[in-house]
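Q: I'm new to this structure and would like a close look at a single part of it. Please start at one loop and then lead me onward, a step at a time.

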Amino acid sequence: MRFEEFVDDQMFSPALIADALRTTKSEIAATLGLGKDAFARASRIRARKTQTRLRQMLEILHRVEAATGSPLAAYAWFRAEPLPGFGGATPDRLLREGRAGEVHAYLDRIAAGGYA
């Protein structure tokens, strides 16, 4: 995944991300804890919260893609893999709770050869 592939008009494009992950914009919005209409208007797509969540998701997917083998597998991991040490919370749930930094810290520990 290259971040520039998902940028259109100087912002992350939910449509480009959804196409790459073979899903819908609605599913992406739900995964990120955004309302159904978060991607309905350009002003809402440009909103700081929307762009931040899209960026955080892409950063995490980028980090795990090498281990999972593909962007699709990385997205499945992001949505479904319960992380040890977080009470079974998945990375997408942690992101929705504003805890993306903790997902990065978890990935840093794993990359350093540690355990969760």
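A: Let's begin with R22, which sits in the loop between α1 (14–20) and α2 (25–31). Please keep in mind as we go that this is a predicted model. What makes R22 a good place to stop is its backbone: phi is positive there, about 55°, although the residue is not a glycine. For background, most residues other than glycine have a negative phi. As for its surroundings, R22 has a relative accessible area of 69%, and because that is over the 50% cut-off, the residue counts as exposed.

You can find another case of this kind at D9, whose phi is near 55°, again a positive value in a residue other than glycine. To locate D9, look in the loop between β1 (7–8) and β2 (11–12).

Now let's follow the chain to helix α5. Its buried residues are A74, Y75, W77 and F78. Around the helix axis they cover an arc of only 160°, so they lie on the same side of α5. That buried set packs against α2, α4 (48–68), α6 and α7. Here we also meet α2 again, the helix that follows the loop of R22.

Just before α5 comes another loop, the one between α4 and α5, and S70 is found there. With a relative accessible area of 24%, S70 falls between the 20% and 50% cut-offs, so it is partly exposed. If you would like a sense of distance, take S70 and E27: they are 43 residues apart along the chain, and their C-alpha atoms are separated by 19 Å.

On the other side of α5, the loop between α5 and α6 holds several residues worth a visit. One of them is T90, which is buried with a relative accessible area of 14%. Beyond its neighbours within four places in sequence, T90 is in contact with F78, R79, A80, E81 and P82. F78 is a residue we have already met, in the buried set of α5. A89 is in this loop too, and at 2% relative accessibility it is buried. Leaving aside neighbours within four places in sequence, the contacts of A89 are E81, P82, L83 and L94. From A89 to K36, C-alpha to C-alpha, the separation is 23 Å in space and 53 residues in sequence.

The loop between α5 and α6 also contains F86, which leads us to an aromatic pair. The model has one such pair. Its partners are F86 and Y106, with ring centres 6.3 Å apart and planes at 75°, so the pair is edge-to-face. F86 lies in the loop between α5 (71–80) and α6 (91–96) while Y106 belongs to helix α7 (residues 100–111), so the pair ties together parts 20 residues apart in sequence. Both partners are buried.

Y106 takes us to our last stop, as it is among the residues lining the largest pocket. This pocket has about 160 Å³ of space. Its lining also includes W77, E81 and L83, along with R63, V64, L107 and I110. The elements giving two or more residues to that lining are α4 and α7. Sorted by class, eight of the lining residues are nonpolar, one is polar and two are charged. W77, then, appears twice on our walk: in the buried set of α5 and in the lining of the largest pocket.

Definitions and conventions. Residues numbered from 1 in each chain as written. Predicted model: local features only at pLDDT ≥ 70, side-chain atom pairs only at ≥ 80, totals over all residues. Heavy atoms only, no water. Phe/Tyr/Trp six-rings, centres within 6.5 Å; stacked < 30°, edge-to-face > 60°. Helix = DSSP H or I, 4+ residues; strand = E, 2+ residues; numbered from the N terminus. Buried < 20%, exposed > 50% of the residue type's maximum accessible area, 1.4 Å probe, protein only. Contact = heavy atoms within 4.5 Å. Arc of directions from axis to C-beta. 1 Å grid on protein atoms, 1.4 Å probe; cavity = no way out; pocket = protein on both sides within 12 Å on 5 of 7 lines; lining within 4 Å. Points joined across faces, edges and corners; volume = space filled by probe spheres on them. Nonpolar A, V, L, I, M, F, W, Y, C, P; charged D, E, K, R; others polar.
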